[in-house]
Amino acid sequence: MEETKVLDRVEYEEYESIPVSFRKFGFWIFLSGEIVILGGIVASGILFRLSYPEWFANSEHTNFIISSINTLVLLTGSLTAVLAHKYATFHDWNKVQLFLGLTALCGFTFVGIKFIEYSIEIHHGFIPTRNVFWMFYFGITGLHGLHVLAGTLIIIGVMIYLRKKKVIEAVENAGLYWHFVDIVWLYIFPLFYLT
Amino acid sequence: MELEKEKSLKKEEAHHHPPYVTIYFILLILTFASIIVAQLVGRESSPPFVFTLSTIKALLIALFYMHLKYENRWIISLAIIPLIIFVIILFVFMPDILNSIKM
């Protein structure tokens with residue numbers, strides 16, 4: 001009994017020492033790790049671009065129209081994700097479901113367009129083993145695509161969870177992940193399609 | 001500590017949600033601008049312009065969509081510390097990259 005009391009007090013004091021909810025704080029710790037991992041991978045691509053003179057000749061073969069559409073899709077997803085959070089703070093849960101659904105739709109659209117883009121490139125003989133540029137291209141955009149898919153599945157998971165429990169932070173955290181993936185794309189897009 | 005918690009809650013309530021749709025249109029305009037700049041300047045010399053525009057867009061998303069502008073210092077530090085590590089890594093590898101360009 002005494003042990004339980006002490007434990008409760010320690011937990012309480014820990015909570016008081018950080019004036020942020022544990023859910024949000026924990027999610028940001030996870031995001032910090034993601035910043036270093038994905039940021040490091042994208043930075044390696046940017047640094048390699050500086051030292052690889054054939055970069056422009058290869059990047060001319062990437063499809064910037066398709067990728068521009070995908071940029072629009074991701075930014076629209078960011079807007080709908082943040083609107084879902086806004087309506088969650090107003091406790092308008094129908095709108096939250098609507099905007100989360102739209103965000104998930106953006107996620108699937110992005111992944112679908114990416115598959116079309118890959119199939120066009122592979123059809124033209126641009127495969128990862130062709131040279132270092134295409135290795136970076138498929139590696140980085142593929143890893144990012146998996147993150148978009150993960151973000152979409154998280155959003156669908158939150159939509160299901162909200163039917164049982166109305167938790168604003170769940171909506172906020174799912175949105176945070178989406179925005180992070182969006183920010184990473186903002187650097188991938190110019191790296192492979194514009195420079 | 002109680003006061004700080006109260007302040008943080010008040011700050012969170014006070015931001016009244018920034019104009020998300022306006023920010024979205026700014027992001028679209030900046031994206032369009034980066035495409036135009038890349039086409040006009042050419043792929044070889046476009047990186048300083050397009051990556052600057054990307055950084056402005058990333059800041060807009062981080063500050064307003066991720067609410068870092070209104071966040072508590074604990075959350076802000078969780079976002080900044082990995083960025084500092086990231087910049088250190090960049091500078092550590094930069095001399096090797098620059099050397100390989102000279103070669």
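**Salt bridges and the interface of chains A and B**

Modeller: In this predicted model, B:Glu71 is buried, with a relative accessible area of 6%.

Colleague: Why is B:Glu71 called buried?

Modeller: The term applies under 20% relative accessible area; B:Glu71 has 6%, so the residue qualifies.

Colleague: What makes the pair of B:Glu71 and A:Lys24 a salt bridge?

Modeller: The rule asks for a side-chain nitrogen of Lys or Arg within 4 Å of a carboxyl oxygen of Asp or Glu. The side chains of B:Glu71 and A:Lys24 meet at 2.7 Å, N to O, and therefore satisfy that rule. B:Glu71 lies in the loop between α3 (47-65) and α4 (73-102) of chain B, while A:Lys24 belongs to helix α2 of chain A, so the pair joins two chains. Across the interface of chain A and chain B, the rule finds one salt bridge.

Colleague: How do you know that A:Lys24 is buried?

Modeller: Its relative accessibility is 5%, and the limit is under 20%, so A:Lys24 counts as buried.

Colleague: Which residues are linked with A:Lys24 in a network of salt bridges?

Modeller: A:Glu172 and B:Glu71 are linked with A:Lys24 in that network. The closest N and O atoms of A:Glu172 and A:Lys24 are 3.4 Å apart. A:Glu172 lies in helix α7 of chain A and A:Lys24 in helix α2 of chain A, so this pair ties together parts that are 148 residues apart in sequence.

Colleague: What separates A:Glu117 and A:Lys114 in helix α5 of chain A?

Modeller: They are three residues apart in that helix (residues 93-123), which corresponds to about one helical turn. A:Glu117 and A:Lys114 form a salt bridge, with their closest N and O atoms 2.9 Å apart. A:Glu117 counts as buried at 1% relative accessibility, and A:Lys114 does at 4%.

Colleague: How much area do chain A and chain B bury between them?

Modeller: They bury about 4,500 Å², 76% of it on carbon and sulfur atoms. The contact involves 55 residues of chain A and 48 residues of chain B. Seven residue pairs are in polar contact between the two chains. On the side of chain A that touches chain B, α2(A) gives the most, with 16 residues; that side divides into 33 nonpolar, 15 polar and seven charged residues.

Colleague: Why is α4(A) described as largely enclosed by the rest of the structure?

Modeller: Of its 26 residues, 19 are buried, so the description holds. At its N-terminal end, A:Asn63 caps α4(A), with a side-chain oxygen 3.2 Å from the backbone nitrogen of A:Ile65.

Definitions and conventions. Residues are numbered from 1 along each chain as its sequence is written. Chains are lettered from A and ligands numbered from 1 in the order in which they are written. This is a predicted model: local features need pLDDT of at least 70, side-chain atom pairs count only at pLDDT 80 or more; totals for chains, interfaces and linings use all residues. Side-chain values use heavy atoms; hydrogens and water are left out. Contact means heavy atoms within 4.5 Å. Buried area is the accessible area (1.4 Å probe) that two parts lose on being put together, summed over both. A polar contact is a pair of N or O atoms within 3.5 Å; within protein, one must be able to donate a hydrogen and the other to accept it, and residues adjacent in sequence count only if both atoms are side-chain atoms. Helices (H or I, at least four residues) and strands (E, at least two) are DSSP runs, numbered from the N terminus. Ala, Val, Leu, Ile, Met, Phe, Trp, Tyr, Cys and Pro count as nonpolar, Asp, Glu, Lys and Arg as charged, and the others, Gly among them, as polar. Buried means under 20% relative accessible area, exposed over 50%, partly exposed in between (1.4 Å probe, protein chains only).
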